[in-house]
Amino acid sequence: MLLSLDWDAYSGCRALVFDAPIWGTPDREHDRLAAWQARALKRDAQAREWEVLEADFPLYPGWRDWAQYAGLPVSVCWSHAHAWRWLEQFPGREVLNIDSHHDLYSLSGDPAKLRPGNWAGLGLVANLISHYRVQYPAWHGEVPVAEGHDLERTLAELRPHLSQGVRSHLSLSRADTLPPKHEVEALLLVQSPSWSSPAHDAAFSALAKALDAKPISQPFVRNWPNSLPQL
C-alpha cells in the first residue's frame, strides 16, 4: 500500500475552538500564515511567537512513530494538491491516508481542477488509486465538528457527491494505529499549512529529515511576521 500523512492529523485542535481551521478553511496564501498570526494575537495581543497557540492547537502524540518507516521511499510536499506526481509513480495502488479531511471532493471552483480537497477523489476516478482508506486521528472523537467524529454522518455527507463506483472503493475509520512497515511501499508527508499550526513546522521538518524525504514541493518554515495584521 501507499501511505500518506497529512500533518493536520497531528497538528490539530481542541474541542470548542471556534476559529480552528478544521471548521472549513480555504487554501489561500492568507490562510497559511496571516490567519495563524491573527489567531495567535486573538489569544494574546502582545504575542510575538507561535507558542501562544498551543493550548487550543496542540501537537498530538504519535507523530514520532513514523520514524519506523526510515529506509522506505518518502516524498514530502506542502499541499496534497501536489500528490498527483507521487501517485503517478505508483499507479493503481491502495492508498491509506491519515488525515483530518477525506480529500474526496471540493465544493469550491472547478471540481475537475486538482486541489488539496479533491486529489483522492480524482485519483480514484482516474484509476491511479485502486482503493482509498481514510483514517481519521483518534482525537476527532473528542471534537464533535470534526469529520472523523461521526463516520456515519461523514459517509452520508459524501454520498451525494461521489458515484457508487467511487464509494465502492472507499473506507473510513478513526484510529491512531499505523500499518507495519513491511506492508508499506512508499510514503507521502504533507504539511498542509492552512490547517496545521506554525508552532509545529519544526517538528514536521524534523520528521521529514529523519525519513530522508525527497521534496515534491518545499514545506513552509513560518517565522513570526514582522508586520502585524489588523484585528
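Is aspartate 31 buried or exposed? At 4% relative accessibility, aspartate 31 counts as buried, where buried means under 20% relative accessible area, exposed means over 50%, and partly exposed covers what lies in between, all with a 1.4 Å probe and protein chains only. Before I go on, please keep in mind that this is a predicted model, in which local features need pLDDT of at least 70 and side-chain atom pairs count only at pLDDT 80 or more, while totals for chains, interfaces and linings use all residues. Residues are numbered from 1 along each chain as its sequence is written, and side-chain values use heavy atoms, with hydrogens and water left out.

Let me stay with aspartate 31, whose side chain meets that of arginine 28 in a salt bridge at 2.7 Å, N to O; by salt bridge I mean a side-chain nitrogen of Lys or Arg within 4 Å of a carboxyl oxygen of Asp or Glu. Arginine 28, for its part, is partly exposed, with a relative accessible area of 45%. As background, side chains of opposite charge can pair when their charged atoms come close.

How many salt bridges does the structure hold? There are nine salt bridges, and I will take two others in turn. In one of them, aspartate 56 pairs with arginine 43, with the closest N and O atoms 2.7 Å apart. This pair links distant parts of the chain, since aspartate 56 sits in the loop between helix H2 (34-43) and strand S2 (74-77), whereas arginine 43 belongs to helix H2, 13 residues apart. Helices (H or I, at least four residues) and strands (E, at least two) are DSSP runs here, numbered from the N terminus. Aspartate 56 counts as partly exposed at 24% relative accessibility, and arginine 43 counts as partly exposed at 25%.

In the other, the side chains of arginine 133 and glutamate 94 meet at 3.2 Å, N to O. Arginine 133 lies in strand S4 (residues 129-136) and glutamate 94 in strand S3 (residues 93-98), so this salt bridge ties together parts that are 39 residues apart in sequence. Arginine 133 is partly exposed at 26% relative accessibility, and glutamate 94 is partly exposed with a relative accessible area of 28%. Salt bridges that share partners also join Asp19, Lys42, Arg43 and Asp56 into one network.

Now to strand S1, which is mostly covered, five of its five residues being buried. Both of its faces are covered, with Leu2, Ser4 and Asp6 buried on one side and Leu3 and Leu5 buried on the other. Which strands pair with S1? S1 runs parallel to S3, joined to it by four bridges, and S1 also pairs in the parallel sense with strand S6 (residues 186-190) over five bridges, where pairing requires that DSSP finds at least two bridges between the strands. On the S3 side, leucine 3 has leucine 96 as its bridge partner, and on the S6 side, leucine 5 has leucine 189.

After S1 comes the loop between strand S1 (2-6) and helix H1 (29-32), where phenylalanine 18 is found. Phenylalanine 18 is exposed, with a relative accessible area of 59%, and lies 18 residues from tryptophan 36 in sequence and 13 Å from it in space, C-alpha to C-alpha.

Finally, the cysteines: the structure holds zero disulfides, a disulfide being a pair of cysteine sulfur atoms within 2.5 Å. Cysteine 13 is buried at 4% relative accessible area, and cysteine 77 is buried at 0%.
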